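Me: I am new to this structure and would like to know how its labels are earned. Could you show it to me and take my questions one by one?

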Amino acid sequence: LSSSSGLTHESHRKDVEQVYLRCSEGSIEWMYPTGALIVNLRPNISPASYKHLTVCIKPFKDSAGANIYLEKTGELKLLVRDGARSPSRVYCFGYDQGGLFVEATPQQDISRKITGFQYELMSRGIAADLHTASAPCRPCSDTEVLLAVCTSDFVIRGSIQNVTNEAEEQESIIHVGVSKLYRQKSKVFQLTGESGNWRGQIKTLLECGVKPGDGDFLFTGRMHFGEARLGCAPRFKDFQRMYKEAKDKGLNPCEIGPD
């Protein structure tokens, strides 16, 4: 978390402050914004790898007091307008497209304003998986499923207990009952209640039309801004078939033990 306050610059409303961030994910909170912030993302990787990175930002729901621009060689492109109300909206761009320039807007009372957003840096391949605009709800091929098992942030066997649709955010929340936990990057799926069952939530696009149904699925996906996002999710019996076929041919990209 990087935090800054504009009150210390009250007499210098045109000040521009530089912020350098080394982490691959985190958040910026700018209290009482005045002047401008230049946000420099400098992850601890080889500069040669920068061109393969995508940057995504997600403004806080109550963020106010500044416009957020993409800046390159002095040219500004508006990303997030002050006062924009787009719950859960994520803005992504290539690392080589420029840096972030956060400029305070004129306010009568700056003490009531806080500008803030979360950010993540990721490889372009992962970003494309999360934000693909082409056929985001299409079923995965056998090869894609087997690869997802090896590379996803979470892999579980489970059933759909319920689905909650959030029309404003154009998302569906899948409430999952977990029967086997193969892997999870963070503790999204946890033991709950006296019954000792594992449960968790996975988000996907509303347009995919996910509905509760019988049977087990293999759920895979990525963590994105602290939330589990759905990737490939074949029926579990279909996964068992494709896993066995690949194993018999020696084409399995990794071992998981699908029973």
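**Labels and their reasons**

Me: What makes the link between Cys-56 and Cys-92 a disulfide?

Reply: Their sulfur atoms are 2.0 Å apart. A disulfide is a pair of cysteine sulfur atoms within 2.5 Å, so Cys-56 and Cys-92 qualify. Before we go on, please note that this is a predicted model, in which local features need pLDDT of at least 70 and side-chain atom pairs count only at pLDDT 80 or more, while totals for chains, interfaces and linings use all residues. Residues are numbered from 1 along each chain as its sequence is written, and side-chain values use heavy atoms, with hydrogens and water left out.

Me: Is the disulfide of Cys-56 and Cys-92 right-handed or left-handed, and why?

Reply: The torsion about its S-S bond is about 105 degrees, so it is right-handed. Cys-56 sits in strand S5 (residues 53-59) and Cys-92 in strand S8 (residues 91-94), so this disulfide ties together parts that are 36 residues apart in sequence. Helices (H or I, at least four residues) and strands (E, at least two) are DSSP runs numbered from the N terminus.

Me: How do you know whether Cys-56 and Cys-92 are buried or exposed?

Reply: The label depends on relative accessible area: under 20% is buried, over 50% is exposed and anything in between is partly exposed (1.4 Å probe, protein chains only). Cys-56 has 0%, so it is buried. Cys-92 has 34% and is therefore partly exposed.

Me: How many disulfides are there?

Reply: The structure holds three. Another one joins Cys-140 to Cys-232, with 2.1 Å from S to S. Cys-140 is in the loop between helix H1 (124-131) and helix H2 (142-151), and Cys-232 is in the loop between strand S16 (227-230) and helix H3 (236-248), so parts 92 residues apart in sequence are tied together. There is also a disulfide of Cys-150 and Cys-254, with sulfur atoms 2.1 Å apart. That pair links distant parts of the chain, since Cys-150 is in helix H2 and Cys-254 in the segment after H3, 104 residues apart. Its S-S torsion is about -100 degrees, so this disulfide is left-handed.

Me: Why do Arg-157 and Asp-216 count as a salt bridge?

Reply: Side chains of opposite charge can pair when their charged atoms come close. The rule asks for a side-chain nitrogen of Lys or Arg within 4 Å of a carboxyl oxygen of Asp or Glu. Arg-157 and Asp-216 meet at 2.9 Å, N to O, so they satisfy the rule. Arg-157 lies in strand S11 (residues 154-166) and Asp-216 in the loop between S14 and strand S15 (217-224), so the pair ties together parts 59 residues apart in sequence. By this rule the count comes to 12 salt bridges.

Me: What makes Lys-203 buried?

Reply: Its relative accessibility is 12%, so it is on the buried side of the cut-off. Lys-203 belongs to strand S14 (residues 197-205).

Me: Which partners does the side chain of Lys-203 have?

Reply: One is Glu-171, in a salt bridge whose closest N and O atoms are 3.4 Å apart. Here strand S12 (residues 171-184), which holds Glu-171, is linked to strand S14, with the two residues 32 apart in sequence. Another is the side chain of Glu-227, in a polar contact of 3.2 Å. A polar contact is a pair of N or O atoms within 3.5 Å; within protein, one must be able to donate a hydrogen and the other to accept it, and residues adjacent in sequence count only if both atoms are side-chain atoms.

Me: What about Glu-227 and Arg-229?

Reply: They form a salt bridge as well, with the closest N and O atoms 3.9 Å apart. Salt bridges that share partners join Lys-58, Glu-171, Lys-203, Glu-227 and Arg-229 into one network. Glu-227, at 22%, is partly exposed, whereas Arg-229, at 14%, is buried.

Me: Is Leu-191 buried or exposed, and how do you know?

Reply: Its relative accessible area is 51%, so Leu-191 is exposed. Leu-191 is part of strand S13 (residues 190-192).
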